[in-house]
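The following exercises concern a ligand and the pocket around it. Each task is followed by a solution in steps.

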Amino acid sequence: MAEVLVYVDHVDGAVRKPTLELLTLARRIGDPVAVHLGAGVDTAAPVLAEHGAVKVLAADTPEFAEYLVVPKVDALVAAAEAVSPAAVLVPSSAEGKEIAARLAVRLGSGIITDAVDLESGAEGPVATQSVFAAAFTTKSRVSKGTPVITVKPNSAAPEAAPAAGTVEQLSVSFGELAKGTKVVSRTPRESTGRPELTEAAIVVSGGRGVNGAENFHVIEELADSLGAAVGASRAAVDAGWYPHSNQVGQTGKSVSPQLYIASGISGAIQHRAGMQTSKTIVAINKDPEAPIFDLVDYGVVGDLFQVVPQLTEEVKAR
Ligand code: FAD
């Protein structure tokens, strides 16, 4: 069976969930070979093996932490040359998309970004994407070179599939661009204790209907009862009620959780663009004609200040 390279997104060997999802998808098209760059492969390797990695290619040199993405691209090029994979899968994070784009150029390959599903096809892996502000769902495949595909978080549930996960050292020589952009400092974001918006399995979002920063606690309390991330529409962000880092939509973040709860959000096309691939969509809106109701799985017509606290109490009671 052909091998499929999976770029491992991790923090000092703590593998992030989107990588485990990639391993699950990779198994549909071949044998997953994980590429772990930087410190912590001893911690990561058993987790990667448990989720189906037949092999882990590892390289740990200071360049991966000291410089921005190019050293990682050099390493993936070396891995691709060593393995001749059927595809290279990378999580659709900001860093992942830059890595993937540079890698595709270096390999002379086509690229598919923000896939939400992946299946094997007679002429190579077929990726499902949601395009034109989620107006269409397309299936496409790369027709030139080794397919490079970025996959959105929550596109698959990680499944255990124990494999060997043997660790092999990857030898990397860095090109002249590798040290082009140095990391000067890193400032950890203040933690809210909530999951990262783009990776969260559940997102609870508030819009203009929340009617003020002082009311957003209603949304946060529901989010916390569900272990969810908090999102916001642009109207709420532009009004200064919630940070831009939490904005969902065309000019915000794109999320694809198992459950998306929109409260006091009308469902403008630019908002849909960032959440329409969510698996189950629930909306709470006092206007029965609100466009958001066209795409929901479950809709509640009502005042969010009555409905959301009741929902929170109900969830807490379970
Ligand atoms: P509104 O459209 O005003 O809707 C508020 C909703 O709340 C209404 O449906 C109302 O019935 C309901 N409501 C009010 N009070 C209550 C209550 N008490 N209980 C229940 N429901 C209530 N938007 C984004 O979200 N993300 C983007 O990334 C984004 N990018 C954009 C990019 C461009 C180039 C442009 C032009 C626009 C963009 N927008 C984006 C803006 C978008 O067009 C909408 O203006 C915005 O999404 C509206 O936000 P909203 O739904 O919160 O507000």
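**Exercise 1. State which helices and which strand each supply at least two residues of the lining of the second largest pocket, and describe that lining.**

Solution. The model is a predicted one. Begin with the secondary structure: helices H7, H8 and H9 and strand E15 (280-285) each supply at least two residues of the lining. Next, take the residues themselves. The lining comprises 27 residues, and those nearest the centre of the pocket are Arg-208, Ser-233, Gly-264, Ile-265 and Ser-266. Sorted by character, the lining has eight nonpolar, 14 polar and five charged residues. Finally, the space in this pocket is about 470 Å³.

**Exercise 2. Determine where the ligand sits and which residues come nearest to it.**

Solution. First, locate the ligand: the second largest pocket holds it. Second, examine the shell of 25 residues around the ligand, of which Arg-208, Ser-233, Thr-251, Ser-266 and Gln-270 come nearest. Third, assign the shell to helices: H7 (234-238), H8 (269-272) and H9 (304-316) each contribute at least two residues. Fourth, classify the shell, which consists of six nonpolar, 14 polar and five charged residues.

**Exercise 3. Identify polar contacts between side chains and the ligand, using a cut-off of 3.5 Å between N or O atoms, and state how much of the ligand the protein buries.**

Solution. Consider the oxygen atoms of the ligand before its nitrogen. Arg-208 places a polar side-chain atom 2.6 Å from a ligand oxygen. For Gln-270, the distance from a polar side-chain atom to an oxygen atom of the ligand is 2.7 Å. Turning to nitrogen, an N or O atom in the side chain of Asp-303 lies 3.0 Å from a nitrogen atom of the ligand. The last step concerns area: the ligand taken alone exposes 980 Å², and the protein buries 75% of that.

Key: Residues numbered from 1 in each chain as written. Predicted model: local features only at pLDDT ≥ 70, side-chain atom pairs only at ≥ 80, totals over all residues. Heavy atoms only, no water. Near = heavy atom within 4 Å. Polar contact = N/O pair within 3.5 Å; in protein donor to acceptor, adjacent residues only side chain to side chain. Areas by Shrake-Rupley, 256 points an atom, 1.4 Å probe, with all protein chains shown as cover. 1 Å grid on protein atoms, 1.4 Å probe; cavity = no way out; pocket = protein on both sides within 12 Å on 5 of 7 lines; lining within 4 Å. Sits in = over half its atoms within 2 Å of the grid points. Helix = DSSP H or I, 4+ residues; strand = E, 2+ residues; numbered from the N terminus. Nonpolar A, V, L, I, M, F, W, Y, C, P; charged D, E, K, R; others polar. Points joined across faces, edges and corners; volume = space filled by probe spheres on them.
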